[in-house]
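The following exercises ask you to read a protein model step by step, with a worked solution after each task. Please look over the sequence and the coordinates before you begin.

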Amino acid sequence: PQLITQLQAGQLLDTDPVTGYRLSVANRDQGSVTLSSEGPGYRSLVTFDAGSGLLRESYIEVNEEGMLRTVTMELAGWN
């Protein structure tokens with residue numbers, strides 16, 4: 001959670017020259033930060049709670065052989 005405050009929307013965090021994948025900060029507000037991972041045929045968005053660091057939402061999109069598959073998860077709650 002301490003590092004979330006240092007992230008800025010649009011910030012590129014990592015690139016892989018072999019696979020072409022890029023990890024960046026898609027969005028940041030006071031309550032959360034969303035990271036985006038994109039590469040050939042793949043895209044994911046994961047949103048973390050800024051206060052606790054817990055994963056709040058995840059969206060994954062995979063395009064293989066013309067078939068688009070998506071998986072969405074959302075945190076229902078925690079104590």
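Strands (E, at least two residues) and helices (H or I, at least four residues) are DSSP runs, numbered from the N terminus. The model is a predicted one, in which local features need pLDDT of at least 70 and side-chain atom pairs count only at pLDDT 80 or more, while totals for chains, interfaces and linings use all residues. Residues are numbered from 1 along each chain as its sequence is written, and side-chain values use heavy atoms, with hydrogens and water left out.

**Exercise 1. Overall description**

Set out the secondary structure, the extent and the surface of the protein.

Step 1: the protein has six strands and zero helices, so that the order along the sequence reads β-β-β-β-β-β.
Step 2: the C-alpha trace spans about 40 × 30 × 15 Å along its principal axes.
Step 3: about 5,600 Å² is exposed, of which carbon and sulfur atoms supply 51%, the accessible areas coming from the Shrake-Rupley method with a 1.4 Å probe and, for residues, with only the protein chains shown counting as cover.
Step 4: of the 79 residues, 22% are buried, where buried means under 20% relative accessible area, exposed over 50%, and partly exposed in between (1.4 Å probe, protein chains only).
Step 5: among contacts (heavy atoms within 4.5 Å) with a separation of 6 or more, residues 24 or more positions apart account for 12%.

**Exercise 2. The nonpolar core and a nonpolar patch**

Identify the residues of the largest nonpolar core, and then those of a nonpolar patch at the surface.

Step 1: a nonpolar core is a set of buried Ala, Val, Leu, Ile, Met, Phe, Trp, Tyr and Cys residues joined through side-chain atoms within 4.5 Å.
Step 2: the largest such core has six residues, namely I4, L7, V25, V33, L35 and A50.
Step 3: in soluble globular proteins, nonpolar side chains tend to be buried together.
Step 4: beyond its neighbours within four places in sequence, L7 contacts L13, V25, R28, V33 and L35.
Step 5: patches are made of residues with over 30% relative accessible area and no salt bridge, with like charges joined within 9 Å and nonpolar side chains (Val, Leu, Ile, Met, Phe, Trp, Tyr) within 5 Å.
Step 6: L54, L75 and W78 make a nonpolar surface patch of about 270 Å².
Step 7: L54 sits in the loop between β4 (42-49) and β5 (55-64), and counts as partly exposed because its relative accessible area is 35%.

**Exercise 3. Polar residues in β3 and β4**

Is S32 buried or exposed, and with what is the side chain of T47 in polar contact?

Step 1: S32 belongs to strand β3 (residues 32-39) and is buried because its relative accessibility is 7%.
Step 2: apart from residues within four places in sequence, S32 is in contact with N27, T47, F48, A50 and R56.
Step 3: T47 is placed in strand β4 and, with a relative accessible area of 10%, is therefore buried.
Step 4: the side chain of T47 makes a polar contact of 2.8 Å with that of T34, a polar contact being a pair of N or O atoms within 3.5 Å, of which, within protein, one must be able to donate a hydrogen and the other to accept it, and residues adjacent in sequence count only if both atoms are side-chain atoms.
Step 5: S36, likewise placed in strand β3, is buried because its relative accessible area is 4%, and its side chain is joined to that of E38 by a polar contact of 3.2 Å.

**Exercise 4. Salt bridges**

How many salt bridges does a search of the whole structure find, and which residues form them?

Step 1: a salt bridge is a side-chain nitrogen of Lys or Arg within 4 Å of a carboxyl oxygen of Asp or Glu, and the search finds two.
Step 2: R56 and D49 form a salt bridge with an N to O distance of 3.9 Å; R56 counts as partly exposed because its relative accessibility is 27%, whereas D49, at 15%, is therefore buried.
Step 3: R69 and E64 form a salt bridge in which the closest N and O atoms are 2.8 Å apart; R69 is partly exposed because its relative accessibility is 44%, and E64 is partly exposed because its value is 46%.
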